[in-house]
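Trainee: Please take a close look at a single part of this model. I would like one connected account.

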Amino acid sequence: MDHQSTPLFTALKKHAAGNPVQFHIPGHKKGLGTDKEFREFIGDNALSIDLINIAPLDDLHQPTGVIEEAQKLAADAFGADYTYFSVQGTSGAIMTMILSVCSPGDKIVVPRNIHKSVMSAIIFAGAKPVFVSPAQDANLGIDHGITTSSVRRALQRHPDAKAVVVINPTYFGVCANLKEIVDLAHSFHVPVLVDEAHGVHIHFHEKLPMSAMQAGADMAATSVHKLGGSMTQSSILNLNTKNGYVNPQRVQTIISMLTTTSTSYLLLASLDTARRNLALHGRELAEQAMEMAHQLRSEINQIEGLYCFGREILGGEATYDHDPTKLTIHVRHLGITGYETENWLREHYNIEVELSDMYNILCLITPGDTQETADILLTALRELSKTYYKENNANELIVKVPEIPHLSLIPRDAFYADTEVIPFKESAGRIIAEFIYVYPPGIPILLPGEVISQDNIDYIVDHVEVGLPVKGPEDRYIDKVKVIVEADPIF
């Protein structure tokens with residue numbers, strides 16, 4: 001296929017160049033009706049292609065023209081049978097995967113450290129999650145992925161599961177043996193759905209981990225905007241239909257149900273052009289990012305009190321491969337937390353990192369980086385070390401994770417049940433009706449339908465009291481919690 005072409009972006013530019021008289025939305029009409037300061041900042045070119053699904057520009061909900069051509073090119077670039085553009089981010093693509101294969105009451109095998117969009121889809125579908133604990137790294141205080149062994153145990157216990165969800169790579173760039181997991185699941189006649197939010201680039205270089213489509217997975221939700229050069233909120237959903245587990249027509253129906261009818265052509269055009277760039281230059285761009293990451297990793301590991309892991313951590317079931325463009329910098333030996341490090345870098349060097357937790361910060365290296373940005377990071381980290389490093393000053397590494405709670409009700413039933421709000425510290429034995437996520441280590445501690453234990457309460461209270469962020473509940477301070485009315489736990 002001709003990956004030089006950008007059918008959608010080219011059509012948008014041609015349409016705008018014709019200067020049509022517009023009596024349709026958006027109401028700003030090429031920027032003439034928008035705020036003056038905003039227009040000057042954004043520019044007339046961008047506003048001229050902020051359009052809607054008029055006939056010459058095709059319709060994302062039922063593409064038959066330039067969007068269909070753009071999606072076919074993307075499928076070819078990513079080695080997929082079908083590719084669907086998402087303007088609802090990777091969250092929309094993840095929800096589409098699950099809703100395409102799960103019906104009410106169906107079981108689905110999922111890692112405990114899933115993205116919240118997975119649980120949202122499980123609630124909408126009325127499915128029942130079978131949780132698998134990710135492998136923990138006791139030296140770094142982070143979670144890796146699920147292993148082949150854990151997936152085998154889950155499928156042996158639940159052979160009627162409708163799908164297995166795998167995160168590949170993890171946020172920190174670590175991969176289990178995806179091909180092995182896919183082959184195992186297929187031996188049980190179960191499809192594999194991959195959260196590939198952090199792996200758009202891995203398909204384009206042989207030294208990077210195997211992509212979902214290369215491993216034979218059935219569906220993969222891939223964030224092009226995270227590392228592939230498209231605009232924020234633009235992602236793709238790749239399908240492999242060779243094994244017969246996925247119906248592309250149903251996937252199109254589901255993604256259309258979840259997608260706004262006012263689809264952003266700016267986002268769609270950025271997907272079209274990002275695909276061109278990756279297809280033509282992806283290997284070169286990945287090589288460039290890897291070289292810079294290797295240089296940075298080497299320099300960081302010479303700074304006292306800092307450690308940035310690389311391939312030396314590989315060799316376990318959960319650590320089969322690694323994406324080196326993710327720089328996970330362990331700061332525990334400075335005697336400060338990752339959160340404090342993030343704030344220090346922001347305050348002193350105007351640096352914004354991707355993520356921080358108790359013991360680490362995460363920096364992403366992409367083709368958008370330069371030697372200048374790399375040098376700024378190194379200068380900042382050297383100054384950080386001089387400021388905080390003292391021998392034998394390391395914080396003690398403690399990673400506590402309570403056991404996965406008993407799932408008493410299907411999450412959808414709990415989420416929509418009659419509820420009441422009670423003091424969180426008095427909620428032991430009750431069935432929760434909302435989410436509680438605590439970071440670190442990034443695993444949701446309580447999900448709708450689970451029985452709250454005193455162990456859960458103590459764990460969450462300890463983390464709240466030391467200032468770690470808690471996400472999910474309506475009461476952001478976790479003084480109160482929403483539980484099911486008069487519901488006795490079922491054991």
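Mentor: Here is a look at one residue, followed by a pair of helices.

This is a predicted model: local features need pLDDT of at least 70, side-chain atom pairs count only at pLDDT 80 or more, and totals for chains, interfaces and linings use all residues. Residues are numbered from 1 along each chain as its sequence is written, and side-chain values use heavy atoms, leaving out hydrogens and water.

Start with Arg332. Arg332 lies in the loop between strand E13 (326-330) and helix H12 (338-349). Helices (H or I, at least four residues) and strands (E, at least two) are DSSP runs, numbered from the N terminus. Arg332 counts as buried because its relative accessibility is 15%; buried means under 20% relative accessible area (1.4 Å probe, protein chains only).

The Arg332 side chain has a polar contact of 3.3 Å with the side chain of His330. Another, at 3.5 Å, links the side chains of Arg332 and His333. A polar contact is a pair of N or O atoms within 3.5 Å; within protein, one must be able to donate a hydrogen and the other to accept it, and residues adjacent in sequence count only if both atoms are side-chain atoms.

Leaving aside neighbours within four places in sequence, Arg332 is in contact with Tyr359, Ala394, Asn395, Glu396 and Leu397. Contact means heavy atoms within 4.5 Å.

Now the helices. H7 (residues 148-157) and H8 (residues 178-187) pack with axes 10 Å apart, at an angle of about 15 degrees. Axes are lines fitted to C-alpha atoms over the stretch in contact, and angles run from 0 to 180 degrees between N-to-C directions. H7 and H8 are therefore roughly parallel (angles under 35 degrees).

How values were computed. Buried < 20%, exposed > 50% of the residue type's maximum accessible area, 1.4 Å probe, protein only. Parallel < 35°, antiparallel > 145°, perpendicular 65-115°, else oblique.
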